[in-house]
Amino acid sequence: MFINPEVPLESLPGADNLDWLPLHPRFVRRLQLGALLRVLVIGAIATVAYFLMKGGDSAALGRFADSLLPFALAGFGLFAASILIWPMIAVPRRGYVVREKDILYKTGVLWRSVKAVPFNRVQHTKIDSGLLDRRFGLANLSVFPAGAGGHKIRGLGTDTAERLRVYVSERIEAEAIEPEDDQNSPLPDPQAEASAAHENGPPADAG
Amino acid sequence: MAKSPDFGRWRRTTPFAIVFFIRDTISQVNTWGQLLASFGLAALLVRARPLLARVLPVAIFLTVAVAVLRYWFFRFRLEEDRILIRKGVLRKTSIDLPLDRVQGINLDRSLTDRVLGLVTVRVDTAGSDGVEARIPSAQAAFADQLRAKVGVAKREGPAVPGGEGDAGDARGEAPATGPRDSAESSKEVIMKLPAGDMVRIGLELVADFLPATLIFFVYDPRSLLRYFGGQYGFTEPIGRDQVASDYATGLADLIFRAGVAAGTVTLIAVGGIYSAFRTYYGFTLFRERTAYRTRGGLFSLKEVVVESAKIQQVRLSQNLVARCFRRFRLSIHAASDDVDVLVVPLLRARMAEALRSELFGHEGGGLTLLPRNRALVRVSPQYIRARALKIGIAPAVALPALAFALEGPSVGWAELSAIWILACLLVSGLIALQSWRRLGYVHDDDGMAIRSGFVESKVDAFLFRKAQSVKVTRSPLQRRKGLATLEVGLAGEVLRVPYVDHGLACRLRDYILYKIETNHRWH
């Protein structure tokens, strides 16, 4: 659609046909357990509320609680079933790819998105794992560029997350040490030198 | 001020900084506290005025005492390669700021500062950690030394903005430092705003308040005035039910209310013009080798500096009033989360385009900042449908459902619901249509410009190599129609191009990634 005589578009590495790496197989179980806990807590609160309404002085309130009961039960059942089943649908559709220059993460069932964060823009990385994550041997990897567009890849194996973090750190350092590797890249960027000359200063690297 | 003071040891700023700390203490009480305080004050005014005489002095004394303590514990020190700041009364904070990380040195000069020849120095860092490096009411020589040292730290020699920018009226006798003379020659005025433009800037404020004056056509302005007067104890209080909504009846009444509305608009305009004078009086935009600098202000002078290499995003916006004047507002976002972006409050289309091509250098020649430029391509009309459904469906369904739950089904309910749903869809459709008309984008080999807005229109332009992340999103409708939304994460914010061809979005994503990954210069 756009004309670019210097860079043949077909030669650009596309992000469409990639071998997406799946998340850890235990991640579905972990999400389901989390959902189950949430269902139990909400159910307990609702039960307490029901008996409070029934046991109160007001008879009208008790009747109201009784009339509400079938709707509440049906709604609660639907809710519980959906959040227990949802991880089985959503998790297989998530995935990540680590390339030499960037890291991609895809997510979404109805609204699907693919986001790419290049290593030479990453400011810092973070690994965190909650109580449930640790129980299942999982960890979450966050990659932060400047501004608001980072990744949070949930549900990696602990060792995978650590290996990824080390790799990302290595790539960030490599990119920071050789800021002039434009010549090594598969496609030449003739404008980089010209603009460097234009601003007559050393290029500010990310460090 | 005959001899330049030594900033190499721990120093306090001048005692005039207490004024700054008083103001800062008041504004640091967070939003909720401020709300509470203002409502408390209003309540005291209304209900218990005698108590006010006791509470107010205590509050004032506390504020001043806190400010004096904060002044006493605020110390700073300028070393060869770093600034150190120690502050805090109860919670001690120490800031260690390497000079080569400094993005810019901005100056604020309040009225006291200007009379006494002092400056408030705001050191701008690129970090997202929100370090507050502000040195209130320091001697002007400090700013000069700081700038000189930052210049050495960045090995740019005289290219660094020298201290002459603030040399102005108040301290012509300040000691001349090395880089100043050479920087003087490199300074170049790009544009100045004459006093007449202050009026235009002030009037632009009216556009935001115009809808509010419609209230006078619904409520009688006299009883509204009496109601609010009564609330604050100026007149005999009247009940809220006495402020009946009565639509204007008769020509004389209509003329009266139109007069009140016009008077309110005039008041707002006068206030706007005053605040425009206060903020932008004598507004000047300079170029200093690699940096851009603005200066303006009536009582307190404010300076903002942005290094051209740090510029991430340029935005040109225009509201309804500005459109009548055929003027625009330009804001330049740099690679820091400092709220003080560089703003040019009023400029013409030609100036905007000239600035854009200058800021982006030889890159981005095919871009534009002007909202009505023909180069901007519209997005797919499918956007209208999706947008109208998104904003219209909830109110369209919610109200009939609520009525059904309360009243049960009836013929009247069905009729009213049908009318309501039609009206909702019509209104949301019109809103979506207008949003779609505002949407547009254009890109060339180096960058992209995105137009958006609803009443106001704005164009955001950026260079691909400044991007931080790229995302392609597809909703179910977009997947059916072969469309996608492209989101480009910049250091400041995320910009979206909704409802473009999926293939185009993917190609653009791959191209932007290629541009990012072969170029390290983004700040």
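**Exercise 1. Describe the surface and the fold of chain B in this predicted model.**

Step 1. Chain B has an accessible surface of about 25,700 Å², and 63% of that area belongs to carbon and sulfur atoms.

Step 2. Turn to burial: 47% of the 523 residues of chain B count as buried.

Step 3. Secondary structure in chain B consists of 17 helices and 19 strands.

Step 4. Take the contacts in chain B between residues at least 6 apart in sequence; 59% of them join residues at least 24 apart.

**Exercise 2. Give the corresponding description for chain A, and list the order of its elements.**

Step 1. Chain A exposes about 11,900 Å², with carbon and sulfur atoms supplying 64%.

Step 2. Of its 207 residues, 37% count as buried.

Step 3. Chain A holds five helices and six strands. Read from the N terminus, they follow the order α-α-β-β-β-β-α-β-β-α-α.

Step 4. For contacts in chain A with a separation of 6 or more, residues 24 or more positions apart account for 52%.

**Exercise 3. Locate the nonpolar patch on the surface of chain B and state which elements build it.**

Step 1. The members are Leu389(B), Ile393(B), Val397(B), Leu399(B), Leu402(B), Leu406(B), Trp420(B), Ile421(B) and Leu425(B), and together they have about 820 Å² of accessible area.

Step 2. Two elements of chain B give two or more residues to this patch: α14 (382-407) and α15 (411-438). The most comes from α14(B), with six residues.

Step 3. Check one member, Leu425(B), which sits in helix α15 of chain B. Its relative accessible area is 37%, so Leu425(B) is partly exposed. A patch member needs over 30% relative accessible area, and the 37% of Leu425(B) satisfies that cut-off.

**Exercise 4. Identify the patch of positive charge and classify the exposure of Arg323(B).**

Step 1. Four arginines gather in this patch on the surface: Arg323(B), Arg372(B), Arg378(B) and Arg437(B).

Step 2. Arg323(B) belongs to helix α12 of chain B, residues 320-325.

Step 3. Partly exposed covers the range between under 20% and over 50%. Arg323(B) has 37% relative accessibility and therefore counts as partly exposed.

**Exercise 5. For Ser137(B) and Arg326(B), give phi, the place in chain B, and the exposure.**

Step 1. Recall the background: most residues other than glycine have a negative phi.

Step 2. Ser137(B) has a positive phi near 45°. Strand β6 of chain B (residues 134-139) contains Ser137(B). With a relative accessible area of 3%, Ser137(B) is buried.

Step 3. Arg326(B), also not a glycine, has a positive phi of about 55°. Arg326(B) lies in the loop between α12 and β12 (328-334) of chain B. Its relative accessibility is 67%, so Arg326(B) counts as exposed.

**Exercise 6. Describe the surroundings of Val470(B), including its contacts with chain A.**

Step 1. Val470(B) lies in strand β17 of chain B, residues 469-474.

Step 2. A relative accessible area of 0% makes Val470(B) buried.

Step 3. Leaving out residues up to four places away in sequence, Val470(B) touches Val114(A), Lys115(A) and Ala116(A) in chain A. Within chain B, Val470(B) touches Leu486(B), Glu487(B), Arg509(B), Ile512(B), Leu513(B) and Ile516(B).

Step 4. Add a distance: Val470(B) and Leu495(B) are 25 residues apart in sequence, and their C-alpha atoms are 9.8 Å apart in space.

Definitions and conventions
Residues numbered from 1 in each chain as written. Chains lettered and ligands numbered in written order. Predicted model: local features only at pLDDT ≥ 70, side-chain atom pairs only at ≥ 80, totals over all residues. Heavy atoms only, no water. Patch = residues over 30% accessible without salt bridge, like charges linked within 9 Å, V, L, I, M, F, W, Y side chains within 5 Å. Areas by Shrake-Rupley, 256 points an atom, 1.4 Å probe, with all protein chains shown as cover. Salt bridge = Lys/Arg side-chain N within 4 Å of Asp/Glu carboxyl O. Lys, Arg positive; Asp, Glu negative; His and termini not counted. Charge placed at Lys NZ, Arg CZ, Asp CG, Glu CD. Helix = DSSP H or I, 4+ residues; strand = E, 2+ residues; numbered from the N terminus. Buried < 20%, exposed > 50% of the residue type's maximum accessible area, 1.4 Å probe, protein only. Contact = heavy atoms within 4.5 Å.
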